[in-house]
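Colleague: I should like a close look at a single part of this model, the surroundings of the ligand. Please take the contacts in turn.

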Amino acid sequence: MIHKQKTLFSGIQPSGILTIGNYIGAIRQWLEMQNEYNCLFSLVDMHVITVRQDPKLFRQQTLDVFALYLACGLDPNKSIIFAQSHVSAHSELAWILNCITNHGELSRMTQFKDKSQRHSDNVNVGLFAYPVLMAADILLYQSDIVPVGDDQKQHLELARNLAQRFNHHFGETFVVPEPMIPKQAEGGRIMSLQDPEKKMSKSDANQGAYINLLDEPNKIRKKFKRAVTDSDNEIRFAEDKPGISNLLTIYSAFTNKAISDIEKEYEGKGYGALKTDVGDTVADFLEPIQQKFAEIRPDETQLLKMLHEAATKADKLARPTLNKVMDAIGFLPRG
Ligand code: TRP
């Protein structure tokens with residue numbers, strides 16, 4: 001289906017190299033969405049600084065993440081892929097939205113409660129107002145659709161409330177965005193290789209728990225070989241076999257084979273065979289992405305140029321909304 005007229009916005013925190021869980025759960029679908037919507041993908045660097053960063057590493061990591069998205073196939077000719085901090089309208093709108101957001105509704109955000117516990121030495125106001133900045137990101141582009149995972153649903157609900165509240169008090173200004181819950185892989189989420197009851201996460205302290213998109217082929221194979229499984233040696237998708245089920249989910253996601261077909265294929269074979277094949281499949285799948293990354297990542301001048309061009313496009317789209325908002329609020333016209 002073609003919805004060329006609809007705008008889709010998503011934000012990516014450039015806070016680390018993505019895992020195969022991110023690839024299957026998000027990126028793979030964005031590659032399709034690029035053809036169906038007007039997409040904006042923002043590297044939300046201003047969100048990242050709500051947790052203290054080392055400036056040098058942070059700068060490198062933002063470029064890493066950008067290059068990796070390009071290597072995965074996000075296409076700057078189809079989508080606007082830009083750094084949030086390059087488009088000042090985000091901060092400007094965030095301030096205005098701060099002034100229609102209640103302290104109480106932000107204190108109820110589960111992610112804030114969670115993060116302020118994890119970073120109890122740095123519970124800054126930015127962390128508290130994080131969802132308001134996210135609402136500004138979305139509303140600034142009159143976005144119709146926002147693909148979000150479960151953990152961001154509450155934030156999207158706030159963005160919808162703020163849009164409605166603003167429209168109510170100051171007149172029709174914002175499109176009220178709709179969430180788009182991404183399709184899951186057959187078998188469900190990609191889980192940790194070390195604790196298959198937990199979601200695979202790039203911030204896991206145990207590196208064996210996740211496959212990051214830039215892991216070397218041999219490391220990938222090794223991690224799959226060491227993946228935690230049960231001991232009955234039957235290759236079957238079942239609730240009481242979370243480790244094997246996770247391997248089946250991953251294998252199915254990267255081969256597009258149905259899980260039931262994979263079960264048949266491995267009848268009578270041991271876990272070792274499945275682990276080897278999953279490792280090979282994922283390593284082979286990532287090889288061209290890693291090659292492309294290695295090709296484009298060194299040319300920082302070119303990467304920055306692409307980001308600057310994208311920021312110019314984003315700025316053009318954002319300005320009219322911001323001007324309308326400032327006018328509706330009662331600010332004097334700018335010169
Ligand atoms: N908070 C989102 C996350 O951590 C990132 C984000 C920032 C975002 N702004 C956004 C996502 C706007 C969707 C739309 O995943």
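Which residues surround the ligand?

Modeller: This is a predicted model, in which local features need pLDDT of at least 70, side-chain atom pairs count only at pLDDT 80 or more, and totals for chains, interfaces and linings use all residues. Residues are numbered from 1 along each chain as its sequence is written, and side-chain values use heavy atoms, with hydrogens and water left out.

The ligand is surrounded by F9, S10, G11, Q13, V44, H47, Y130, M134, D137, I138, V146 and Q152, where a residue is near if one of its heavy atoms lies within 4 Å of the molecule. By class, this shell holds 6 nonpolar, 5 polar and 1 charged residues; Ala, Val, Leu, Ile, Met, Phe, Trp, Tyr, Cys and Pro count as nonpolar, Asp, Glu, Lys and Arg as charged, and the others, Gly among them, as polar.

Two elements, β1 (7-12) and α7 (125-139), each supply at least two residues of the shell, and α7 gives the most, with 4 residues. Helices (H or I, at least four residues) and strands (E, at least two) are DSSP runs, numbered from the N terminus.

Three side chains place N or O atoms within 3.5 Å of the ligand, the limit for a polar contact. For Y130, a polar side-chain atom lies 2.7 Å from a ligand nitrogen. The side chain of Q152 has an N or O atom 3.0 Å from a nitrogen atom of the ligand, while that of Q13 has one 3.2 Å from a ligand oxygen. Taken alone, the ligand exposes 360 Å², of which the protein buries 88%; accessible areas come from the Shrake-Rupley method with a 1.4 Å probe.

Conventions
Polar contact = N/O pair within 3.5 Å; in protein donor to acceptor, adjacent residues only side chain to side chain.
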